[in-house]
Amino acid sequence: MSRALSPLSVPYRVVERGGSIVFTAVILFSGASAAFGPAGGLVGVLLVGLALLALVAYEVTYYRRFEYDLDADTLDIRSGVISRRNREIPIRRIQNVDISRNVVQRLLGIAAVDFETAGGSETEASLRFVAFEEAKRLQGEIGRLKRAGGESGTTSEGEAVEAPTAEELFALSPRELALVGALSFDVRIPGLLFVLLSGSVPAMSSMAPAGPGPILVAVGLLTAAVGVLLVSWLAGAAVAVLNYYDFRLTQVEDELQYERGLLRRYDGSIPLDKVQTLTVVDDPLKRYFGYASLRIETAGYAPGDSGSEAAVPLATRERVFALANRIEPVGSPTFSRPPKRVRRRYAVRYLLALGGVVALLYGVDWLSGGALPWPPYTPVPLALLAPVAAHYKWRHRGYWLGPDHVVTRNGFLRRRIQIVPYYRIQTVIDSRTLFQRRWGVATVTADTAGSRSLVGDDAAAVDVDESVADDLRAALPTRLRKALAARRGWVDEAGDVRGGATTDGRGDASTDSDGAPSA
């Protein structure tokens, strides 16, 4: 049976788009007054009135001509005011059903529904807007149809459907929400402040006392740095609290469902059978206090691109890894680090970057006639930190080949431990830049079907020895074939592949002398 959008979507969409009408009204009033004299105001009112009537007529027509129908196999959507568009979305291709509601929409009892499909970088279809109860029905019904393989006919109106049992896996307490805010930091703020304030340096330097001493310069730099860090922390804390207010994660059979948000409420689903990558994320502050976050990426949808940004925004490392093992039983990885010589490579890179900054400061100082309030060589002492930074960069990199998963670890300021089942690997990429070849290292990437793959955020063993890279490039496709064969029932009791799959064996998890358990 075909269904329509909520009638309240008409006035809401009119008001939502009415902002542009108000802006246009100001221009029309000013233009009409100049063109028609005293009668210009009346002409402007008439033009604005006609624009509002056209908008209302369009939205009413859009509402009357928008229909959707959910059956056992497809979600059918028919829409269009001027040109008609009919879409049939197979139920099996729908990966996520995400529901979002802002404050006004919650007061009206309506919600926006987005349908994400496998392999799509954009939302496949949207309903703007339906009753919240209808949105939850669609979310639950699509999940149930996928689990049942589309063999049930319970979508007809009035037919009762037994609700599956929901198990709460995680709920963010007020204390944990406060920690989410306290441990959040918006890394975009320093760059934004630099761009906004860089033009004011000459003006501020002209107001400074003549010939400021090194102590005054140091105090000024320290004050500016503390101010930037404070603003970045406050911005990150505010965004985190608004995003993760009343966060809950539940499991309904083989699907995860989450709810979160204060000003804008999100309700989303994550099918467990479509999980591509699990990522445990932390930073030095979270590691110090023993906390981490868990992110989940599915085939057509990466958390962070739409409703969900994390499966667990913040919890103790034990809880995070327990949940990760519940989704993908990976065990306790023991990582193999890159060869120790790459620490020198990282130190050289940092020194070259520092040299570029000093050269840039000298250029700015020369072009501005010495207007910089500090000597251009001020950052030079940071060179002493290059070996330390290089060591920590090396220490927090590594890879592990488990029985059923490849696990990689990268990053110090934002460390990511990425867990990929072998059967989810799409492509194994061996890349060796000119500089890597000079150091005898390479990067091996396990590319998946997730949408974050498009921005190069796949699991990667970075700067491993060339011989190790050759072994990984050979081992990963072998383990992929055997994992696929096992899922399709092509492996016998002895572990050998039968019939339509071939493999040259499956190696054991290995570590080299540099390997060490995760910190």
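**Stop 1: the six-stranded sheet**

Select Leu401 and look across to β16: Leu401 stands opposite Val406 there. The model you have open is a predicted one. Now show the rest of this pair. Strand β16 covers residues 405-410. Four bridges join β15 to β16, and the two run antiparallel.

Widen the selection to the whole sheet. Six strands make it up, in the order β13-β12-β11-β17-β16-β15. The sheet is open, with antiparallel pairing. Go to its edges next. Colour β13 (312-316) and β15 (398-401). Each has a single partner strand, so one side of each is left without a neighbour in the sheet. Turn the view along the sheet to see the twist, which averages 20° from one strand to the next.

**Stop 2: a salt bridge between two strands of this sheet**

Stay here and show the side chains of Asp282 and Arg415. They meet in a salt bridge, 2.9 Å from N to O. Asp282 lies in strand β11 (residues 275-282) and Arg415 in strand β17 (residues 415-421), so the pair ties together parts that are 133 residues apart in sequence. Is Asp282 buried or exposed? Asp282 is buried, and Arg415 is buried as well.

Next, select Glu168, Asp246, Arg248, Glu259 and Arg265 together. Salt bridges that share partners join these residues into one network.

**Stop 3: the nonpolar cores**

Select Leu249, Leu278, Leu294, Ile296 and Val312. They belong to the largest nonpolar core, which has 35 residues. Within that core, these five touch the most other members. Which helix gives the most to this core? Helix α10 (residues 317-327) does, with five residues. Nonpolar side chains tend to be buried together in soluble globular proteins.

Now move to a second, separate core. This one has 23 residues, including Tyr68, Ala111, Phe132 and Ala135. Keep Tyr68 selected for the next stop.

**Stop 4: the three-stranded sheet**

From Tyr68, look across to β2: the residue opposite is Ile77. Strand β2 covers residues 74-79. Four bridges join β1 to β2, which run antiparallel. Trace the connection between them: a hairpin of three residues leads from β1 to β2.

Add β3 to the view. The three strands form an open sheet in the order β1-β2-β3, and the pairing is antiparallel. Where are the edges? They are at β1 (67-70) and β3 (85-90). Each of these has a single partner strand, so one side of each is left without a neighbour in the sheet. The twist here averages 10° from one strand to the next.

**Stop 5: Arg64 and Val81**

Select Arg64, in helix α2 (residues 40-64). Arg64 has a relative accessible area of 66%, so it counts as exposed. Then add Val81 and draw a C-alpha to C-alpha distance. The two are 9.1 Å apart in space and 17 residues apart in sequence.

**Stop 6: two salt bridges involving helices**

The structure holds 25 salt bridges. Show Glu134 and Arg3 for one of them; their closest N and O atoms are 3.5 Å apart. This pair links distant parts of the chain, 131 residues apart. Glu134 sits in helix α4 (residues 132-148), Arg3 in the segment before α1 (9-36). The burial of the partners is worth a check. Glu134 has 11% relative accessibility, so it counts as buried. Arg3, at 24%, counts as partly exposed.

Now show Glu59 and Arg13. Their side chains meet in a salt bridge, with 2.6 Å from N to O. Glu59 lies in helix α2 and Arg13 in helix α1, so this pair ties together parts that are 46 residues apart in sequence. Both Glu59 and Arg13 are buried.

**Stop 7: a nonpolar patch on the surface**

Finish with a surface view. Select Val103, Leu107, Leu242, Tyr245, Leu262 and Leu263. Together they make a nonpolar surface patch of about 540 Å². Zoom in on Tyr245, in the loop between α8 (214-244) and β8 (248-252). Tyr245 has 38% relative accessibility and so counts as partly exposed.

Conventions
Residues are numbered from 1 along each chain as its sequence is written. This is a predicted model: local features need pLDDT of at least 70, side-chain atom pairs count only at pLDDT 80 or more; totals for chains, interfaces and linings use all residues. Side-chain values use heavy atoms; hydrogens and water are left out. Patches are made of residues with over 30% relative accessible area and no salt bridge: like charges are joined within 9 Å, nonpolar side chains (Val, Leu, Ile, Met, Phe, Trp, Tyr) within 5 Å. Accessible areas come from the Shrake-Rupley method with a 1.4 Å probe; for residues, only the protein chains shown count as cover. A salt bridge is a side-chain nitrogen of Lys or Arg within 4 Å of a carboxyl oxygen of Asp or Glu. Buried means under 20% relative accessible area, exposed over 50%, partly exposed in between (1.4 Å probe, protein chains only). Two strands pair if DSSP finds at least two bridges between them. Axes are lines fitted to C-alpha atoms, for helices over the stretch in contact, and angles run from 0 to 180 degrees between N-to-C directions. A nonpolar core is a set of buried Ala, Val, Leu, Ile, Met, Phe, Trp, Tyr and Cys residues joined through side-chain atoms within 4.5 Å.
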